[in-house]
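Student: I am new to this structure and would like some help reading it. Could we go through it step by step?

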Amino acid sequence: MQVEIMTPSAEDTREVGEAVASLLRARDAVMLAGDLGSGKTTFAQGVARGLGIEEQVSSPTFTLVKEYTGILDLAHVDVYRLERVQDVVDLGLEELGGGDDVLLVEWGDTIEELLPVDRLRVELITADEHDDLRKIVISASGPAWVDRFAELEAAVMPWVVTA
Ligand code: ADP
Ligand code: MG
């Protein structure tokens with residue numbers, strides 16, 4: 001289950017995050033992959049907005065994990081360096097994901113094996129560093145997404161680029 005879109009601006013990426021948030025359920029895990037500056041935190045801000053979180057979401061670089069209260073609670077984790085993977089394990093990611101929080105992990109690829117089978121992977125790709133355009137590949141895995149992936153596709157339809 002995969003859909004590919006393009007966003008021409010940071011605000012569009014936030015709107016995509018907001019659209020994705022409308023499909024999220026408690027205990028969902030979302031991995032955000034992509035280079036530094038590709039827009040992972042920007043996407044997370046949109047998800048937070050969609051979950052009715054009023055607090056400003058910033059990069060949790062120095063905190064590793066930050067929790068926000070909303071319609072659904074959000075745990076925002078940033079595994080910005082490989083050596084932090086151990087920190088995440090120590091922190092008990094399973095425990096975090098075991099609550100009712102939506103788990104949002106930046107650079108989630110490094111800890112993919114620790115995440116629940118039901119998950120959404122959002123990869124942000126910067127084609128040209130002088131350009132605001134981002135390619136975003138959203139892939140879903142696990143049974144929990146089967147019955148709502150079509151809805152997700154419909155929600156991000158405005159950003160689907162048809163050749
Ligand atoms: P990351 O968390 O991946 O390191 P950030 O979200 O912190 O990235 O930063 C992305 C930067 O790129 C922000 O300054 C944002 O305004 C800018 N930007 C420009 N165009 C886009 C876009 N289409 N999507 C997301 N961010 C964009
Ligand atoms: Mg970030």
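Tutor: Gladly! Let us begin with pairing: two strands count as paired if DSSP finds at least two bridges between them. Strands of a sheet pair through backbone hydrogen bonds, either parallel or antiparallel. Keep in mind that this is a predicted model.

Student: In which sense do S1 and strand S7 pair, parallel or antiparallel?

Tutor: S1 and S7 (residues 134-141) run antiparallel, with six bridges between them. One bridge to look for joins Thr7 to Arg134 in S7.

Student: What is the order of the strands in the sheet?

Tutor: The open sheet has seven strands, in the order S1-S7-S6-S2-S5-S4-S3, and its pairing is mixed. Strand S1 (2-7) and strand S3 (65-68) are the edge strands, each pairing on one side only. From one strand to the next, the twist averages 15°.

Student: Which strands does helix H1 touch?

Tutor: Helix H1 (residues 10-21) packs on the sheet and touches S1, strand S6 (119-126) and S7. The direction of H1 makes about 150° with that of S1.

Student: Next, helix H2. How many of its residues are buried?

Tutor: First the general idea: an α-helix has 3.6 residues a turn, so residues three or four places apart point the same way. As for H2, this helix is mostly covered, with nine of its 11 residues buried. Among them are Lys40, Phe43 and Val47. The cover over the buried residues of H2 includes H1, S2, strand S4 (74-78), S5 and S6. After H2 comes Gly52, with a positive phi near 75°.

Student: There is a magnesium ion too. Which protein atoms are its donors?

Tutor: To read a metal site, look for N, O and S atoms within 2.8 Å of the metal; water is not among the atoms, so sites may look incomplete. For the magnesium ion (ligand 2), the protein donors are Thr41 (OG1) and Glu106 (OE), at 2.2 to 2.4 Å. Thr41 belongs to helix H2 (residues 40-50) and Glu106 to strand S5 (residues 102-106), so this pair ties together parts 65 residues apart in sequence. Both Thr41 and Glu106 are buried.

Student: And Ser38: why does this residue count as buried?

Tutor: Buried means under 20% relative accessible area. Ser38 counts as buried because its relative accessibility is 1%. You will find Ser38 in the loop between strand S2 (29-33) and H2. Its side chain reaches the backbone oxygen of Asp35 at 2.6 Å. Leaving aside residues up to four places away in sequence, Ser38 touches Leu124, Thr126 and Arg134.

Methods:
Residues are numbered from 1 along each chain as its sequence is written. Chains are lettered from A and ligands numbered from 1 in the order in which they are written. This is a predicted model: local features need pLDDT of at least 70, side-chain atom pairs count only at pLDDT 80 or more; totals for chains, interfaces and linings use all residues. Side-chain values use heavy atoms; hydrogens and water are left out. Donors are N, O and S atoms within 2.8 Å of the metal (3.2 Å for Na, K and Ca); water is not among the atoms, so sites may look incomplete. Helices (H or I, at least four residues) and strands (E, at least two) are DSSP runs, numbered from the N terminus. Buried means under 20% relative accessible area, exposed over 50%, partly exposed in between (1.4 Å probe, protein chains only). A polar contact is a pair of N or O atoms within 3.5 Å; within protein, one must be able to donate a hydrogen and the other to accept it, and residues adjacent in sequence count only if both atoms are side-chain atoms. Contact means heavy atoms within 4.5 Å. Axes are lines fitted to C-alpha atoms, for helices over the stretch in contact, and angles run from 0 to 180 degrees between N-to-C directions.
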